[in-house]
Amino acid sequence: MRTIRAAAAVTVVTALAAVTGCGGGTSSDGGGSNESPKTLTYWASNQGPSIEADKKILTPELKKFEKQTGIKVKLEVIPWSDLLNRILAATTSGQGPDVLNIGNTWSASLQATGALLPWDQKNFDAIGGRDRFVDSAVASAGAEGKDPAAVPLYSLAYALYYNKQMFADAGITQPPATWDQLVADGKKISKNGKWALGAEGGNLANNIHQVFVLGKQHGADFFDSAGKPTFTSAGAVAAVKQYVHFMAKDKIVAPGNAEYAQNQSLQDFANGRTAMVLWQAAASTFAAQGMKPADWGVAPVPVPAGAPGTGQNTNSMVAGINMAVFKNTRNSDGAKEFVKFMTSDAEQKLLNKTYGSIPPVKAAQQDPAFSAPDLKVLRDTLATSAAPLPQVPTESQFETTVGTAVKDLWADAAAGRPVTTESVRAHLAKAQQLMQQ
């Protein structure tokens, strides 16, 4: 199964790396100009439980913006399975939106196309200044040393969600803080059709998110300072092996999870079949599955030892959604005005409360709603112990190649085939070879 976020052919990204000024923009029908913008087109990512839910959430806010500015925003909500391909197609055809949401892990890849407006100091000043945003969120908006290609809109991080009743039934009094504790607790739980930890082995992006964090804990970055892949480093191999060994060796992940790719692990959690999941902002999904807030708890993702954020103890990637503007929009000022509106303190509070995410805008984070126990864990993780995925032009290919390698290793584990240091290194060497073709 292909990843839902990085399915686009990387050759397309590579071919576009030299393109400049070939983005999207408002069509001539009803389009405005910098002097008198009338209409903007906006591609929003699917953040809610459905496309229709997103339309209901966003439409009143777009009407509010129109009332304030006179600019009408034409909204299209695009599912994650289609979004990256749609964006890449727009960079080649020139028929795209003025403003769009992008997964923050795509920022450097899309930046390399030259199609997105760079957010230099002048553009950041137009929306209130760069210092309004959390540093880690801005760091995930483009390659290091370059002006960001987008502006943070919604921030997320991973946390450990646990089923309180299943913990109590196993005699466990608190969530694990280290991986050794998680495995020990997991073995107490994993019996009689119950399993300790859920995983999405068929979801390439999720595989990358998990092994990236474990890689940081093992001192690996997957790329060197020149942006070249180092997938077979000792730390990278150890990270992937540790992750897959939760099934292959520790026996705390159900074999069926090797094929999960559509949030089935959350369904298992809600139905009492799995006691723990590593996830981003899962509260609304649990509620939709019939769980009450008192049924589950949340804690930071475990680390090898010590406290998250100390030494090599990264325990989440900086997850989230960024907002970008196509460079050749005819409504540059209107587009920036819309980005300013969507990242205003008021809209940040409203939208992030609705979606269960964390505002990347510092002032909005001070709202008491983001101090709820689950959101506080996410907020503190973003502030102290999260790191952005490698901001390299080939990041999308990284998700595809290494994500597939991990998926194949999950399949080996589910089938009872041994997952060894040698087999992990062989899969990662194949992934690295594909990256270098």
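**Exercise 1. A tryptophan in its helix**

In which helix is the place of W179? State also whether W179 is buried or exposed, and list the residues that W179 contacts outside its own stretch of sequence.

Solution. The model is a predicted one.

Step 1. Find the element. W179 has its place in helix 8, which covers residues 179-189.

Step 2. Check the accessibility. The relative accessible area of W179 is 6%. The cut-off for buried is under 20%. W179 is therefore buried, as 6% falls under that cut-off.

Step 3. List the contacts. With neighbours within four places in sequence left aside, W179 is in contact with L214, Q217, Q242, F246, L278, V301, P302, V303 and P304.

Step 4. Take one of these partners and compare sequence with space. P302 is 123 residues from W179 in sequence, yet the two C-alpha atoms are 5.6 Å apart.

**Exercise 2. The buried residues of helix 8**

Name the buried residues of helix 8 and the elements that they pack against.

Solution.

Step 1. The buried residues of helix 8 are W179, L182, V183, D185, G186 and I189.

Step 2. Sort their packing partners by type. The strands are strand 5 (158-163), strand 6 (195-197) and strand 7 (274-280). The helices are helix 7 (164-169), helix 9 (204-217) and helix 10 (234-248).

**Exercise 3. A lysine in helix 8**

K188 lies in helix 8. Classify K188 by its accessibility, then give its contacts and its C-alpha distance to F246.

Solution.

Step 1. K188 has a relative accessible area of 44%. Partly exposed covers the range between 20% and 50%, so K188, at 44%, counts as partly exposed.

Step 2. Apart from neighbours within four places in sequence, K188 is in contact with A170 and I172.

Step 3. F246 is 58 residues from K188 in sequence, and their C-alpha atoms are 14 Å apart in space.

**Exercise 4. Two residues with positive phi**

Where do N192 and K251 lie, and what is phi near in N192 and in K251?

Solution.

Step 1. Recall the background. Most residues other than glycine have a negative phi.

Step 2. Place N192. This residue lies in the loop between helix 8 and strand 6. Its phi is near 55°, a positive value in a residue that is not glycine. N192 is also exposed, with a relative accessibility of 73%.

Step 3. Place K251. This residue is in the loop between helix 10 and helix 11 (264-270). Phi of K251 is near 60°, again positive in a residue other than glycine.

**Exercise 5. A lysine and an asparagine**

Describe K164 and N123 by element, accessibility and contacts.

Solution.

Step 1. K164 is in helix 7. At 39% relative accessibility, K164 is partly exposed. Not counting residues up to four places away in sequence, K164 touches A294, D295, W296 and G297.

Step 2. Add a distance for K164. Q174 is 10 residues away along the chain, and the C-alpha atoms of K164 and Q174 are separated by 9.1 Å.

Step 3. N123 is in helix 5 (residues 121-126). Its relative accessible area is 8%, so N123 is buried. Not counting residues up to four places away in sequence, N123 touches L117, P118 and K336.

**Exercise 6. The whole chain**

How many helices and strands does the chain have, and why does the chain count as being as compact as a globular protein of its length?

Solution.

Step 1. Count the elements. The chain has 18 helices and 11 strands.

Step 2. Compare the radius of gyration with the rule. The radius of gyration is 21 Å, and the globule rule gives 22 Å for 437 residues. The two values are close, so the chain is as compact as a globular protein of that length.

Step 3. Add the extent. The C-alpha trace spans about 65 × 50 × 35 Å along its principal axes.

Step 4. Add burial and contacts. Of the 437 residues, 57% are buried. Among contacts between residues at least 6 apart in sequence, 77% join residues at least 24 apart.

**Exercise 7. Two domains**

Which residues form each domain, and how many residues of each are in contact with the other?

Solution.

Step 1. The domain assignment gives 39-156 + 319-387 as domain 1 and 159-317 + 390-435 as domain 2.

Step 2. The centres of domain 1 and domain 2, taken over C-alpha atoms, are separated by 27 Å.

Step 3. At the contact between them, 25 residues of domain 1 meet 26 residues of domain 2.

Terms used: Residues are numbered from 1 along each chain as its sequence is written. This is a predicted model: local features need pLDDT of at least 70, side-chain atom pairs count only at pLDDT 80 or more; totals for chains, interfaces and linings use all residues. Side-chain values use heavy atoms; hydrogens and water are left out. Helices (H or I, at least four residues) and strands (E, at least two) are DSSP runs, numbered from the N terminus. The radius of gyration is taken over C-alpha atoms; the globule rule is 2.2 Å times the number of residues to the power 0.38. Buried means under 20% relative accessible area, exposed over 50%, partly exposed in between (1.4 Å probe, protein chains only). Contact means heavy atoms within 4.5 Å. Domain bounds come from an automatic or database domain assignment.
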